[in-house]
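User: Please take a close look at a single loop position in this model, and then set it in context with the core, the ligand shell and the small sheet. I would like a careful reading that keeps to what the coordinates support.

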Amino acid sequence: MAVDTARDESAKRLWNDAYVNGAENLWGDPPVPHAEKAAHLFASTRAFTVLDLPCGDGRNLPALAAGAPVLIGGDPSANARSVARRVLERHALDTRSVLLELDAYATGIPAGIIDGIFCWDLLGHLTDPGRALVELYRILRPGGRLVANMWTMRDCQVADPNIREIAPKEYIDHFDFYCRFYDRDDLDTLLAAVDMTAETVELAHWTEPPHTGYRDYVHDHESWVFTIRKAS
Ligand SMILES: C[S@@+](CC[C@H](N)C(=O)[O-])C[C@H]1O[C@@H](n2cnc3c(N)ncnc32)[C@H](O)[C@@H]1O
């Protein structure tokens with residue numbers, strides 16, 4: 001899709017409403033498996049600060065907390081952050097964490113100060129993921145890592161009866177969210193366009209429980225999970 005700033009902006013409002021519609025916890029409690037893996041990677045680089053952007057309602061925050069002494073959860077949605085706050089409190093993480101209103105296109109965070117970034121289930125929703133990648137790379141410290149994912153065409157969302165195709169590999173889902181799915185070549189092309197090379201790329205599968213009010217059935221995801229290391 002051509003870059004569509006208005007669509008990305010209205011998606012932020014839709015997300016905020018989705019968290020209200022989903023009541024307490026839209027995404028369910030279990031972290032995605034790669035949150036724990038990312039935490040190990042961040043810890044192995046002696047990370048001090050890890051950023052989960054977007055953190056949504058916080059399902060991945062407790063797993064990511066193993067990655068660094070200081071945890072930042074960022075999301076544009078106030079409703080999501082209020083649920084995430086309770087997750088942090090429940091896990092006694094509130095004294096070493098902060099939740100911020102952040103947009104991945106323009107975080108306002110000074111350059112080079114974040115040691116590890118986990119960016120899960122966002123880039124495929126953005127009409128200009130390259131711009132978000134450039135911003136995340138900017139705030140990463142030299143030697144720090146970004147871990148992110150991009151859904152493939154075998155992700156469960158493509159088979160959802162209520163999703164509609166608008167172009168090859170591009171869809172609008174039942175909540176009116178834009179979704180772009182990536183073959184491996186598409187991922188490489190995207191990264192090359194922003195002058196980045198993945199340090200690792202892995203094809204990941206995982207199963208999620210129903211998200212009440214959003215996706216009411218058990219479903220299987222497939223994504224490319226990739227790591228970017230900021231040059232020292
Ligand atoms: C599919 S959810 C994923 C949340 C979380 N990463 C997870 O795995 O549970 C997408 C999230 O992206 C957030 N979001 C939407 N637009 C954004 C933007 N421009 N920058 C950062 N986050 C955004 C939404 O508020 C929502 O919480």
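Analyst: Isoleucine 113 counts as partly exposed because it has 13 C-beta neighbours inside 10 Å, whereas a residue would need 20 or more to be buried and 12 or fewer to be exposed. The model is a predicted one, and in it isoleucine 113 sits in the loop between β3 (97-100) and β4 (114-119). When residues up to four places away in sequence are not counted, isoleucine 113 touches Ile139 and Arg141. Proline 142 is 29 residues from isoleucine 113 in sequence, yet the two C-alpha atoms are 8.7 Å apart in space.

From this loop the view can move to the interior. The largest nonpolar core holds 54 residues, of which Leu64, Ile117, Phe118, Cys119 and Leu136 touch the most other members. Strand β5 (residues 140-151) gives the most to this core, with 6 residues. In soluble globular proteins, nonpolar side chains tend to be buried together. The surroundings of phenylalanine 118 can be listed in detail: leaving aside its neighbours within four places in sequence, phenylalanine 118 is in contact with Ala35, Ala38, Val50, Asp52, Asn60, Leu64 and Val147.

The ligand has a shell of its own, made up of 21 residues, and the closest of these are Trp15, Pro54, Gly56, Ala104 and Asp121. By class, this shell around the ligand comprises 12 nonpolar, 3 polar and 6 charged residues, and helix α1 (residues 5-21) gives the most to it, with 4 residues.

The small sheet completes the context. It is an open sheet of 3 strands in the order β6-β7-β8, with antiparallel pairing; β6 (164-167) and β8 (178-180) are the edge strands, each pairing on one side only, and the twist averages 35 degrees from one strand to the next. Strands β6 and β7 are joined by 3 bridges in the antiparallel sense, and β7 (residues 170-172) pairs with β8 in the antiparallel sense, also over 3 bridges. Isoleucine 172 in β7 is the bridge partner of arginine 164, and isoleucine 172 also stands opposite tyrosine 178 in β8. The hairpin of β6 and β7 has 2 residues between the strands, and there lysine 169 takes a positive phi near 70 degrees.

Key:
Residues are numbered from 1 along each chain as its sequence is written. This is a predicted model: local features need pLDDT of at least 70, side-chain atom pairs count only at pLDDT 80 or more; totals for chains, interfaces and linings use all residues. A nonpolar core is a set of buried Ala, Val, Leu, Ile, Met, Phe, Trp, Tyr and Cys residues joined through C-beta atoms within 7 Å. Two residues are in contact if their C-beta atoms, placed from the backbone, lie within 7 Å. A residue is near a molecule or strand if its C-beta atom, placed from the backbone, lies within 6 Å of it. Ala, Val, Leu, Ile, Met, Phe, Trp, Tyr, Cys and Pro count as nonpolar, Asp, Glu, Lys and Arg as charged, and the others, Gly among them, as polar. Two strands pair if DSSP finds at least two bridges between them. Axes are lines fitted to C-alpha atoms, for helices over the stretch in contact, and angles run from 0 to 180 degrees between N-to-C directions.
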